[in-house]
Amino acid sequence: MGCDMFFRLGIKECRSEFFNFDREFEELVKALLDNSVRMIVVKGLRRTGKSSLIRVALNEIDNPYLIIDVRALGVVSLERICDVLAEELSSLLQRISVREKLKNMLLKISGISVSGLSIKIDVKTASTLIRVLEVLDKW
């Protein structure tokens, strides 16, 4: 979605479309980047820009994120929650490049265990899938 249309109705996504919330924006970005912050509450009257504030801040810090709109659940059931979560995860994966996905996945590997046999992979040297497969092949 382009971010060059001014006064577009709906939730804003880009900083260039977002006005009059500079202090709130800065506070939210600071909280989002602070690893010690465990919960952030954004509250206010209806249709005052809360959703836009959140989306613009999340896009500005450029970290992967999921937004689950519980209004989309309709009748709340475990199956519906799983469906909405799966849709949002799919959307997240489409926003992240394949290289970034692979890099993030590989950085989390600390070892592999199959039927009691274990191997450790040095993730600093195994930064690509091919390198991981080569390490496994040598083992």
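So, reading along the sequence, the chain goes α-α-α-α-β-β-α. That's five helices and two strands. Keep in mind that this is a predicted model.

A few whole-chain numbers, then. Out of 139 residues in the chain, 19% are buried. The chain exposes about 11100 Å², and carbon and sulfur atoms supply 58% of that. As for contacts, take the ones with a separation of 6 or more: 39% of those come from residues 24 or more positions apart.

Okay, the core. In general, nonpolar side chains in soluble globular proteins tend to be buried together. Here, the largest nonpolar core has eight residues, and they are F18, F25, L28, V29, L53, V56, A57 and I61. Helices α1 and α2 each supply at least two residues of this core, and α2 gives the most, with four.

Let's stay on α2, then. Helix α2 runs over residues 50-61, which is 12 residues. Does the length make sense? Well, at 1.5 Å a residue we'd expect a span of 16 Å, and the end C-alpha atoms are 17 Å apart, so the two agree. Which residues of α2 are buried? Those are S52, L53, V56, A57, L58 and I61. And what covers them includes α1, residues 22-33. Right after α2 comes D62, and its phi is positive, near 60 degrees.

Now over to F18, which we just met in the core. F18 has a relative accessible area of 6%, and the cut-off for buried is under 20%, so F18 counts as buried. Leaving out residues up to four places away in sequence, F18 touches K12, G49, S52, L53 and V56. Of those contacts, S52, L53 and V56 are on our list of buried α2 residues too.

F18 also brings us to the aromatics. How many aromatic pairs does a search of the whole structure find? One. It's F18 with F21: the ring centres are 5.3 Å apart and the planes sit at 25 degrees, so the pair is stacked. The cut-off for stacked is planes under 30 degrees apart. The partner, F21, is partly exposed, at a relative accessible area of 22%.

While we're on rings, have a look at F25, another core residue. The charged end of R15 sits over the ring of F25, 3.8 Å from the ring centre.

Next, backbone oddities. Most residues other than glycine have a negative phi. We've had D62 already, on the positive side. N20 is another with a positive phi, near 65 degrees, and it lies in the segment before α1. Buried or exposed, then, for N20? N20 counts as exposed, because its relative accessibility is 72%. Then there's R47, not a glycine either, with a positive phi of about 60 degrees. You'll find R47 in the loop between α1 and α2. R47 is exposed as well, with a relative accessible area of 79%.

Last stop, L93, in helix α3, which covers residues 78-95. At a relative accessible area of 43%, L93 comes out as partly exposed, because exposed needs over 50% and buried under 20%. Where does L93 sit relative to Y65? They're 28 residues apart in sequence, and 10.0 Å apart in space, C-alpha to C-alpha.

Conventions. Residues are numbered from 1 along each chain as its sequence is written. This is a predicted model: local features need pLDDT of at least 70, side-chain atom pairs count only at pLDDT 80 or more; totals for chains, interfaces and linings use all residues. Side-chain values use heavy atoms; hydrogens and water are left out. Buried means under 20% relative accessible area, exposed over 50%, partly exposed in between (1.4 Å probe, protein chains only). The expected span of a helix is 1.5 Å times one less than its number of residues. Contact means heavy atoms within 4.5 Å. Rings of Phe, Tyr and Trp (its six-membered ring) pair if their centres lie within 6.5 Å; planes under 30 degrees apart count as stacked, over 60 as edge-to-face and the rest as tilted. A charge sits over a ring if NZ of Lys or CZ of Arg is within 6 Å of the ring centre and within 35 degrees of the ring normal. Accessible areas come from the Shrake-Rupley method with a 1.4 Å probe; for residues, only the protein chains shown count as cover. A nonpolar core is a set of buried Ala, Val, Leu, Ile, Met, Phe, Trp, Tyr and Cys residues joined through side-chain atoms within 4.5 Å.
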